Amino acid sequence: MNYVHLLDNYHVKNIIVTGGGGFIGSHTCLALLEKGYNLFVIDSFENSSLKSIDRLLEIYKSKKYNPKINLKLFRGSLCNKEFIKGVFETVKKEKKEIDGVIHFAGLKAVAESILKPLLYWRNNLIGTINLLDIMEEFNCYNLVFSSSATVYQSKNNFLLKESSELGPINPYGNTKYTIEVILKDLFKSSFTKWKFASLRYFNPIGAHESGLLGEDPKDIPNNIFPLIINTALGLQKELKIYGNDWPTPDGTPIRDYIHVMDLADSHIKVLEFLINSKSICIEFNVGTGVGTSVLDLLKTFERVNNIKLPYSFDKRRVGDASYVVADNSLFTSTMNIYPRRTIEDMCRDGWKWKRLNPHGY
Ligand code: UD1
């Protein structure tokens with residue numbers, strides 16, 4: 001009797017994941033599948049690979065005996081509103097309701113955004129507005145949004161709180177900031193419907209421990225970790241460290257690196273939090289709260305992977321800050337979750353992925 005009751009009440013949650021083929025998206029899809037969610041994944045695959053989906057399913061199947069694959073894939077752009085509507089209609093035809101949306105899709109290369117601001121505004125802004133429009137049409141009000149620590153003014157030398165001063169300095173950051181503002185406006189329009197959480201990611205690196213899933217930038221990367229890896233692979237002669245005259249103990253800038261699987265787990269916690277909460281609009285810093293300098297990161301990578309990385313010091317990169325580290329106390333206390341993977345784990349897993357897949361997917 002109790003069993004029947006339990007089964008009656010058991011509701012498999014249906015989640016739409018936009019950008020599910022990307023770096024953070026694919027790791028989060030895997031974590032969601034493993035927790036038993038039913039996924040509807042949207043991706044244009046313009047900046048990601050379809051193979052990331054094959055890989056995450058391969059990992060999922062290898063861990064479970066006779067697993068049911070609860071993942072449906074929809075290829076298309078959020079700039080096409082009819083396409084988004086089609087996804088929601090497909091779900092409805094299956095007599096299912098979408099319990100929440102995790103919205104990763106968006107362009108994210110800072111340098112490109114400076115050269116092509118309209119491309120960034122169109123993709124990130126219009127895509128998000130289209131998504132929100134269709135969510136409203138289908139009475140779906142729970143959204144986890146991929147924001148970034150880039151929304152902060154980062155001239156300071158203290159831990160960044162959610163209440164710290166905002167002020168992005170490039171079009172990419174401006175789109176993230178503006179979407180946060182849109183979510184706030186929408187929330188204020190009713191105070192009873194929407195539930196929004198913007199996750200301000202610090203520096204996600206690493207890869208799934210299997211080495212099957214990881215970051216696969218299509219263009220020449222600008223971020224430190226893919227460049228460390230390229231140096232380890234011999235694809236570039238040496239790593240250029242942008243400045244050794246910063247006001248930090250070793251003179252190189254400090255960042256808050258977080259393992260992509262800790263980030264993936266965080267999304268599930270936030271999604272559950274939204275589903276179970278009243279109408280809300282909240283921003284969370286998602287970082288470890290621990291700072292690591294560029295030299296520390298490089299030395300840790302060398303040590304755990306037993307590799308020598310040639311490097312030289314270059315001049316400071318325009319727009320960089322010396323210290324960008326999260327005060328993650330709001331997130332950890334609200335979610336009761338703590339990032340558990342170390343810088344060593346990030347360096348080991350990230351290298352394993354690229355060693356096994358030197359050309360990406
Ligand atoms: C950068 C973006 C930020 C974005 C984030 C995640 C800039 C100014 N900021 O942040 O908007 O949200 O990536 O995608 O581009 N470094 C080197 N040598 C290199 C590359 C980087 O020394 O070849 C240093 C940088 O000076 C920085 C640190 O490594 O101090 C981390 O750089 P990066 O990985 O690009 O991340 P952020 O600068 O934190």
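In this predicted model, a backbone N or O atom of Tyr242 lies 2.9 Å from an oxygen atom of the ligand. Two side chains also come into play here: a polar side-chain atom of Asn223 sits 2.8 Å from a ligand oxygen, and one of Asp320 lies 2.5 Å from an oxygen atom of the ligand. On its own the ligand would expose 740 Å², of which the protein buries 88%.

The surrounding shell comprises 18 residues, with Thr150, Ile224, Lys240, Arg255 and Asp320 the closest. By character, the shell divides into nine nonpolar, five polar and four charged residues. Helix H8 (224–232) and strand E8 each supply at least two of the shell residues, and E8 gives the most, with three.

Following the chain onward from E8 leads to Thr248, placed in the loop between strand E8 (239–242) and strand E9 (254–255). Thr248 has a relative accessibility of 12% and therefore counts as buried. Its side chain reaches the backbone oxygen of Thr252 at 2.7 Å. Leaving aside residues up to four places away in sequence, Thr248 touches Pro253, Ile254 and Ser322.

Ile254, one of these contacts, has Tyr323 of E14 as its bridge partner. E9 and E14 run parallel and are joined by two bridges. Both strands belong to an open, three-stranded sheet of mixed pairing, in the order E12-E9-E14. Strand E12 (292–293) and strand E14 (323–324) stand at the edges with a single partner strand each, so one side of each has no neighbour in the sheet.

Note on methods
Residues are numbered from 1 along each chain as its sequence is written. This is a predicted model: local features need pLDDT of at least 70, side-chain atom pairs count only at pLDDT 80 or more; totals for chains, interfaces and linings use all residues. Side-chain values use heavy atoms; hydrogens and water are left out. Helices (H or I, at least four residues) and strands (E, at least two) are DSSP runs, numbered from the N terminus. Buried means under 20% relative accessible area, exposed over 50%, partly exposed in between (1.4 Å probe, protein chains only). A polar contact is a pair of N or O atoms within 3.5 Å; within protein, one must be able to donate a hydrogen and the other to accept it, and residues adjacent in sequence count only if both atoms are side-chain atoms. Contact means heavy atoms within 4.5 Å. Two strands pair if DSSP finds at least two bridges between them. A residue is near a molecule or strand if one of its heavy atoms lies within 4 Å of it. Accessible areas come from the Shrake-Rupley method with a 1.4 Å probe; for residues, only the protein chains shown count as cover. Ala, Val, Leu, Ile, Met, Phe, Trp, Tyr, Cys and Pro count as nonpolar, Asp, Glu, Lys and Arg as charged, and the others, Gly among them, as polar.
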